[in-house]
Amino acid sequence: MKLKNTFSLGLIFFLFSNYVFLDKEVNVYTSRHYDSDAKLYEDFTKESGIKVNIISARGKALIERLRSEGENSPADILITVDSGNLWKVQDYGLFRSIKSSLINSVVPKNYRGENDEWIALAKRARVIFYNKNKYSYEDLKKLSYEDLDSREWQNKLAIRSSNNLYNQSLVASLISRYGEKYTENWAKGLVKNFARKPQGNDRAQIIAVANNEADLAIANSYYLGLMLSGKKGEKQLSAGKKVNILFPSQEKNGAHINISGAGILKSAKNYENAIKFLEFMISEKAQKHLVENTYEYPINSKVKPSPLIAQFGLKFKEDSIKVSEFGKYNSAALKLMDRVGWQ
Ligand code: FE
């Protein structure tokens with residue numbers, strides 16, 4: 001009899017805990033494709049008792065999916081890269097405001113949507129790479145994005161194609177600051193300076209500089225961390241060792257900063273859990289894990305970037321332009337790049 005009672009109590013407890021466990025979940029659509037993220041989500045579940053359900057795909061596919069699912073979407077959160085993407089989702093009216101004083105105290109205003117529709121989880125700088133054998137820091141330290149249209153750099157620049165969002169955001173930031181006319185003239189000069197027809201990803205541009213196929217490359221900072229980590233193989237490791245980072249426009253507006261970030265969807269059925277998830281993602285513990293694996297810069301100022309990327313300097317000036325501007329001027333940037341023949 002006693003045994004039976006214990007058994008039924010146990011059964012009731014099991015059903016109850018299971019019910020509570022199942023009730024607490026958060027559904028995340030993410031375009032981040034790092035195995036290391038799984039560990040992060042496990043830690044969150046351990047801390048909060050909230051289960052994390054992940055659907056991962058490319059950013060564009062996830063955004064299409066969210067649009068077609070609309071109100072019926074099971075997603076609570078979208079995580080993606082480039083503020084241009086986040087802005088697009090905001091523009092489609094799919095995000096709701098993130099109300100958390102903790103998040104507001106950690107994530108600076110210029111790294112959030114206009115009404116806190118999305119927030120940055122990490123930062124990346126779009127910087128200049130040069131070959132250490134060819135230039136010294138002293139040679140280049142005054143260089144700004146604005147100078148890259150100069151004849152001095154004819155046939156010397158490596159940069160990927162205009163269908164890349166990172167480049168669109170860089171051009172959009174110039175449009176926002178200087179207007180279309182100035183930026184179109186600049187882009188015309190820039191295209192004339194291309195060492196080759198745009199090809200490959202950001203790492204391919206850095207490799208071109210390492211191999212002396214170009215003098216300067218424009219690419220995101222974390223890719224050098226990735227190459228130096230050895231995760232991309234011996235060839236990329238030795239190419240990475242040949243180059244250095246120059247943070248452009250230090251005497252002007254500072255280096256162009258973009259973000260990876262997240263927003264909570266209007267369709268979210270687990271809004272409170274989603275807030276807890278995002279608060280966890282900007283915590284010191286999660287940020288440390290994030291930047292050690294992606295080589296991005298942390299959004300939480302109490303955390304230091306990975307030494308692999310910190311060695312290139314931490315005290316550089318960041319462009320303080322609101323990253324939401326990149327989305328606002330994205331279509332103008334695309335058309336402009338097309339007009340100047342940026343393939
Ligand atoms: Fe990237």
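Helix H7, which runs over residues 165–178, supplies 4 residues to the lining of the largest cavity, the biggest share that any element gives. Keep in mind as you look around that this is a predicted model.

**The enclosed space**

Let's stay with that cavity for a moment. A search through the whole structure turns up 1 cavity of 30 Å³ or more. The space in the largest cavity comes to about 70 Å³. Around the largest cavity you'll find Tyr-145, Glu-146, Leu-170, Ser-173, Leu-174, Arg-177, Ser-249, Asn-253, Gly-254, His-256 and Asp-319. Sorted by class, the lining of the largest cavity has 3 nonpolar, 5 polar and 3 charged residues.

**The pockets**

Now for the open spaces. The largest pocket holds about 1,200 Å³ of space. It has 39 lining residues, and the ones closest to its centre are His-33, Arg-58, Gly-59, Val-81 and Tyr-166. Which helix gives the most to the lining of the largest pocket? That's H3, with 4 residues. Plenty of other elements join in: strand E3 (77–81), H4, H7, helix H10 (221–228), helix H13 (284–294) and helix H16 (330–339), like helix H3 (59–69), each supply at least two residues of that lining. Both domains take part as well, since domain 1 (2–123 + 258–304) and domain 2 (124–256 + 317–339) each give at least three residues to the lining of the largest pocket.

The second largest pocket has 13 lining residues, and those nearest its centre are Lys-123, Pro-298, Ser-301, Val-303 and Glu-318.

Here are the two pockets side by side:

| Pocket | Volume | Nonpolar residues | Polar residues | Charged residues |
|---|---|---|---|---|
| Largest pocket | about 1,200 Å³ | 12 | 14 | 13 |
| Second largest pocket | about 220 Å³ | 9 | 2 | 2 |

**The iron ion**

Next, take a look at the metal. Which protein residues are donors of the iron ion? They are Tyr-166, Tyr-222 and Tyr-223, each through its OH atom, at 1.9 to 2.1 Å from the ion. Along the chain, the donors follow the spacing Y-x55-Y-Y. You've already met one of these residues: Tyr-166 is also among those closest to the centre of the largest pocket. As for the other two, Tyr-222 and Tyr-223 are both buried.

**Asp-82 and helix H4**

Asp-82 sits in the loop between E3 and H4. Most residues other than glycine have a negative phi. Asp-82 isn't a glycine, yet its phi is positive, about 70°. Is Asp-82 buried or exposed? Asp-82 counts as buried because its relative accessible area is 0%, and the cut-off for buried is under 20%.

What does the side chain of Asp-82 reach towards at the start of H4? One of its oxygens comes to within 2.6 Å of the backbone nitrogen of Gly-84. Helix H4 itself covers residues 83–91 and is mostly covered, with 7 of its 9 residues buried. Those buried residues are Ser-83, Gly-84, Asn-85, Leu-86, Trp-87, Val-89 and Gln-90. After H4 comes Gly-93, which has a positive phi near 75°.

**Two more loop residues**

Asn-212 is another residue other than glycine with a positive phi, near 60°. You'll find Asn-212 in the loop between helix H9 (202–210) and strand E7 (216–220). Why does Asn-212 count as partly exposed? Its relative accessibility is 48%, so it falls between the 20% limit for buried and the 50% limit for exposed.

Gly-230 lies in the loop between H10 and helix H11 (234–241). Gly-230 is partly exposed too, with a relative accessible area of 32%. Try finding Ser-150 from there: Gly-230 and Ser-150 are 80 residues apart in sequence, and their C-alpha atoms are 35 Å apart in space.

**Helix H12**

One last stop is helix H12, residues 271–281. This helix is largely enclosed by the rest of the structure, because 8 of its 11 residues are buried. The buried residues in H12 are Tyr-271, Asn-273, Ala-274, Ile-275, Phe-277, Leu-278, Phe-280 and Met-281. When you follow them along the helix, one general point helps. An α-helix has 3.6 residues a turn, so residues three or four places apart point the same way.

Conventions. Residues are numbered from 1 along each chain as its sequence is written. Side-chain values use heavy atoms; hydrogens and water are left out. Donors are N, O and S atoms within 2.8 Å of the metal (3.2 Å for Na, K and Ca); water is not among the atoms, so sites may look incomplete. Buried means under 20% relative accessible area, exposed over 50%, partly exposed in between (1.4 Å probe, protein chains only). A polar contact is a pair of N or O atoms within 3.5 Å; within protein, one must be able to donate a hydrogen and the other to accept it, and residues adjacent in sequence count only if both atoms are side-chain atoms. On a 1 Å grid over the protein atoms alone, a cavity is a set of points where a 1.4 Å probe fits but cannot get out, and a pocket is an open set with protein on both sides within 12 Å along at least five of seven lines; lining residues have an atom within 4 Å of a point. Grid points are joined across faces, edges and corners, and a volume is the space filled by probe spheres set on the points. Ala, Val, Leu, Ile, Met, Phe, Trp, Tyr, Cys and Pro count as nonpolar, Asp, Glu, Lys and Arg as charged, and the others, Gly among them, as polar. Domain bounds come from an automatic or database domain assignment.
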